Amino acid sequence: MRRGKGEDVVADPSVETAVSGRCLVARVSGGMDHASDPALRAQLRQLIVQGNRFIVLDLSRVSFCDSSGLNMLLGVWRQANAVASVVVLACVPDRLRRILQITGADQVLRVYDTVTDAQAGLNT
């Protein structure tokens, strides 16, 4: 764990994966910021390189996200798009959802309320 601004504690990021139907669900935990960007970006890119066609990023356990984290999400989306994979977001915390809306990133990244909704959206 590392200290964020003020007294907030931001957990180191991790990614746990599970196959569910045609989708790979990747549960991201911890902070998404400039310090975690290289490791987290590498983990998510590896999911694409492995040939996963449909990836749902479950962000329910994301404790913090700054502009670096947002840039990382957009970069992963671009990389997936380049190889005909699809990356969508699910269970986005309210603070991150507002950032996506304010920046217009929600017009690029598909956002679903639940993992089940995201899977249904990918199966259509």
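Is Cys-91 buried, partly exposed or exposed, and what is its relative accessibility? In this predicted model, Cys-91 has a relative accessibility of 21% and therefore counts as partly exposed; the cut-off for a buried residue is under 20%. Cys-91 sits in the loop that leads from strand E6 to helix H3 (94-103). Its backbone also deserves a look, as the phi of Cys-91 is positive, near 55 degrees, although the residue is not a glycine. Most residues other than glycine have a negative phi. Ala-84 offers a second case, with a positive phi of about 65 degrees in a residue that is not a glycine. Ala-84 belongs to the loop between H2 and E6, and with a relative accessible area of 47% it is partly exposed.

With these two loop residues in place, the chain as a whole can be described. Its secondary structure consists of four helices and seven strands, and along the sequence these follow the pattern β-β-β-β-α-β-α-β-α-β-α. The C-alpha trace spans about 45 × 30 × 25 Å along its principal axes. For 124 residues, a compact globule would be expected to have a radius of gyration near 14 Å, and the 14 Å of the protein chain agrees with this. Buried residues account for 42% of the 124 residues. Of the contacts between residues at least 6 apart in sequence, 64% join residues at least 24 apart.

The sheet comes next. Five strands make up an open sheet with mixed pairing, in the order E3-E4-E5-E6-E7. Its edges are strand E3 (14-20) and strand E7 (111-112), each of which pairs on one side only. Within the sheet, strand E4 (residues 23-32) and strand E5 (residues 54-65) run parallel and are joined by nine bridges. Ser-29 gives a close view of this pairing: the residue lies in strand E4 and stands opposite Arg-61 in E5. Ser-29 has a relative accessibility of 13% and so counts as buried. Leaving aside residues up to four places away in sequence, Ser-29 touches Asp-12, Pro-13, Ser-14 and Arg-61.

Two helices can be placed against these strands. Helix H4 (residues 115-122) lies across E3, E4, E5, strand E6 (86-90) and E7, and runs at about 150 degrees to E5. Helix H1 (residues 37-49) can be followed in more detail. At 1.5 Å a residue, its 13 residues should span 18 Å, and the end C-alpha atoms are indeed 18 Å apart, so the expected and modelled lengths agree.

How are the buried residues of H1 arranged around its axis? The buried residues in H1 are Asp-37, Leu-40, Arg-41, Leu-44, Leu-47 and Ile-48. They cover an arc of only 115 degrees around the axis, and therefore lie on the same side of H1. The buried residues of H1 pack against E3, E4, E5, helix H2 (67-82) and E6. On the face turned away from this buried side, H1 carries the exposed residues Pro-38 and Val-49. After the helix comes Gly-51, with a positive phi near 95 degrees.

Key: Residues are numbered from 1 along each chain as its sequence is written. This is a predicted model: local features need pLDDT of at least 70, side-chain atom pairs count only at pLDDT 80 or more; totals for chains, interfaces and linings use all residues. Side-chain values use heavy atoms; hydrogens and water are left out. Two strands pair if DSSP finds at least two bridges between them. Helices (H or I, at least four residues) and strands (E, at least two) are DSSP runs, numbered from the N terminus. Contact means heavy atoms within 4.5 Å. Axes are lines fitted to C-alpha atoms, for helices over the stretch in contact, and angles run from 0 to 180 degrees between N-to-C directions. The expected span of a helix is 1.5 Å times one less than its number of residues. Buried means under 20% relative accessible area, exposed over 50%, partly exposed in between (1.4 Å probe, protein chains only). The arc is that of the directions from the helix axis to the C-beta atoms. The radius of gyration is taken over C-alpha atoms; the globule rule is 2.2 Å times the number of residues to the power 0.38.
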